[in-house]
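Me: I would like to look closely at one part of this protein. Could you please take me through its main nonpolar core and then place that part within the rest of the chain?

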Amino acid sequence: MNRSAFFFMVYLSLTLVISPAAFASGEHHDDEAEHAHSEAAKGPHGGRLLTQDDFAVEVTIYETEVEPEFRLYLYKNGEPVKTTALKLQVRLQRLGEPAELVQFSPELDYWLGDTLVREPHSFAVQIDASYQGKNYQWQYDSFEGRTTLSARSVEKAGIKLEQTRPGQIHTQLHLFGVVAPVPEQQVQVGAAYAGIVQQIAVKVGDKVTKGQLVASVQNPNSLKNYAIFAPLSGEVTASYVSVGSKVSEQPLLEISDFSSVYVEMSAFPSDTEQLKLGQQFLVQDLHGHQAATSQISYIAPQMTGGHIARARGLLANPDGHWRPGMHVKTDVTVATVDVPLVIKKSALQLWNDKTVIFIKVGDVFEIRMPEVGRSDDTQVEVLSGVPLGVEYATTHSFILKADVMKSGASHDH
């Protein structure tokens with residue numbers, strides 16, 4: 001390209017740039033900034049062209065078969081600058097993060113940045129150059145995946161926010177189980193002597209307390225009545241005789257204490273290998289109405305005929321919600337690992353075929369692309385791409401995604 005054509009192109013491009021107006025209060029989608037970005041002058045390599053006096057820099061982010069990197073092309077009076085006697089630095093200011101400095105060194109016909117440009121490529125840019133005793137500086141905004149919502153709109157949309165933080169990843173086994181009585185808390189009540197039942201003072205379903213009269217039996221020889229008292233507090237769960245029955249060694253009643261119960265879980269062989277005594281587990285009824293926690297206190301040494309192993313834990317049952325025979329779901333935590341940063345899975349969205357979340361700084365939301373590691377049912381470990389301690393949307397982030405897509409967010413450099 002000759003010198004005249006080069007500066008004509010610069011002049012024509014600059015006359016088309018619309019200066020972004022100050023943002024009005026309330027909601028917007030960075031439309032002015034996006035429009036100015038779309039109309040920015042372009043250089044011979046398709047990058048953003050910035051000029052000052054007779055010096056120009058063309059900014060490109062090159063990402064063809066390599067990780068994204070800055071490549072800057074420099075021009076003096078329309079001609080490429082090939083000298084190494086030049087100082088060049090780019091300052092990137094991302095939303096909610098410390099500024100990042102990129103240093104440059106010459107390579108082929110461009111200057112190469114020393115830092116990979118992680119996505120999203122959304123930042124305020126400042127370029128400082130020093131050449132032949134003169135200093136140059138340019139500033140511009142290059143935003144993508146960004147939108148602005150007022151606090152009122154956030155609340156109305158049901159968008160919930162949390163801070164990114166350290167946490168724990170829990171590896172869990174999901175097992176089905178059934179509630180069972182504790183055998184040691186079930187007692188069959190009988191008479192000390194053979195005789196005739198004179199009174200049954202309680203019926204099935206009645207609550208009894210330890211020491212309460214439950215029946216009386218008459219000795220046929222002495223015609224003396226003997227009182228029978230409840231040996232424990234609980235509920236009458238069975239009655240085996242009626243008034244007038246002759247009894248000798250058979251039980252009269254069954255009393256069961258359901259203030260605590262067992263949860264009997266069924267595990268396949270591959271699951272059994274991960275089970276250990278003392279592991280915590282969450283119990284939920286099949287309708288999801290109530291949940292409680294316990295820990296494994298017993299693992300059967302033998303498999304059943306269906307190649308199932310039994311594991312159980314004791315569960316407090318003060319209000320009687322957990323009834324013997326009830327089928328339940330259990331989540332057994334088989335491993336717990338501390339990680340530096342976790343986010344909720346509910347925050348994740350797919351944007352341009354990449355997994356993203358939306359962070360919030362002030363009234364501005366912007367995408368971040370986390371590199372994720374281990375996960376459990378509700379959380380995922382973040383290895384990089386999201387700062388610690390920043391607010392992010394945990395629910396209804398699809399609304400933010402739709403807002404960004406509507407605003408015409410681009411990935412053009």
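Reply: The account below begins with the core and then turns to other parts of the chain.

The model is a predicted one. The largest nonpolar core holds 25 residues, and those that touch the most other members are Phe55, Phe70, Leu72, Leu88 and Ile127. Two or more residues come from each of strand E2 (55-62), strand E3 (69-76), strand E5 (86-93), strand E6 (100-107), strand E8 (123-131) and strand E9 (134-142). Strand E8 gives the most to this core, namely five residues. In soluble globular proteins, nonpolar side chains tend to be buried together.

Ile127 merits a closer look. When neighbours within four places in sequence are left aside, Ile127 is in contact with Leu50, Val57, Val59, Leu88, Gln89, Val90, Tyr136, Gln137, Trp138 and Tyr140.

A further core, of 18 residues, lies apart from the largest one; Val261, Val263, Ala267 and Leu315 are among its members.

The next part is a sheet. Four strands form this open sheet in the order E13-E20-E18-E15, with antiparallel pairing. At its edges are strand E13 (186-189) and strand E15 (207-208), each of which pairs on one side only. E15 is joined by two bridges to strand E18 (residues 234-239), and these two strands run antiparallel. Opposite Val208 stands Gly234 in E18.

A helix offers another example of burial. Within helix H5 (residues 397-406), the residues Ser397, Leu400, Asp403 and Val404 are buried. These residues lie on the same side of H5, because they cover an arc of only 110 degrees around the axis. An α-helix has 3.6 residues a turn, so residues three or four places apart point the same way. The cover over the buried residues of H5 includes strand E10 (146-148), strand E26 (349-351), strand E27 (354-361), strand E28 (364-368) and strand E31 (391-393).

Finally, the whole chain may be considered. The protein chain contains five helices and 31 strands. Of its 413 residues, 43% are buried. Among contacts between residues at least 6 apart in sequence, 64% join residues at least 24 apart. The protein chain exposes about 21500 Å², of which carbon and sulfur atoms supply 53%.

Notes: Residues numbered from 1 in each chain as written. Predicted model: local features only at pLDDT ≥ 70, side-chain atom pairs only at ≥ 80, totals over all residues. Heavy atoms only, no water. Core = buried A, V, L, I, M, F, W, Y, C linked by side-chain atoms within 4.5 Å. Buried < 20%, exposed > 50% of the residue type's maximum accessible area, 1.4 Å probe, protein only. Contact = heavy atoms within 4.5 Å. Pairing = 2+ DSSP bridges. Arc of directions from axis to C-beta. Areas by Shrake-Rupley, 256 points an atom, 1.4 Å probe, with all protein chains shown as cover.
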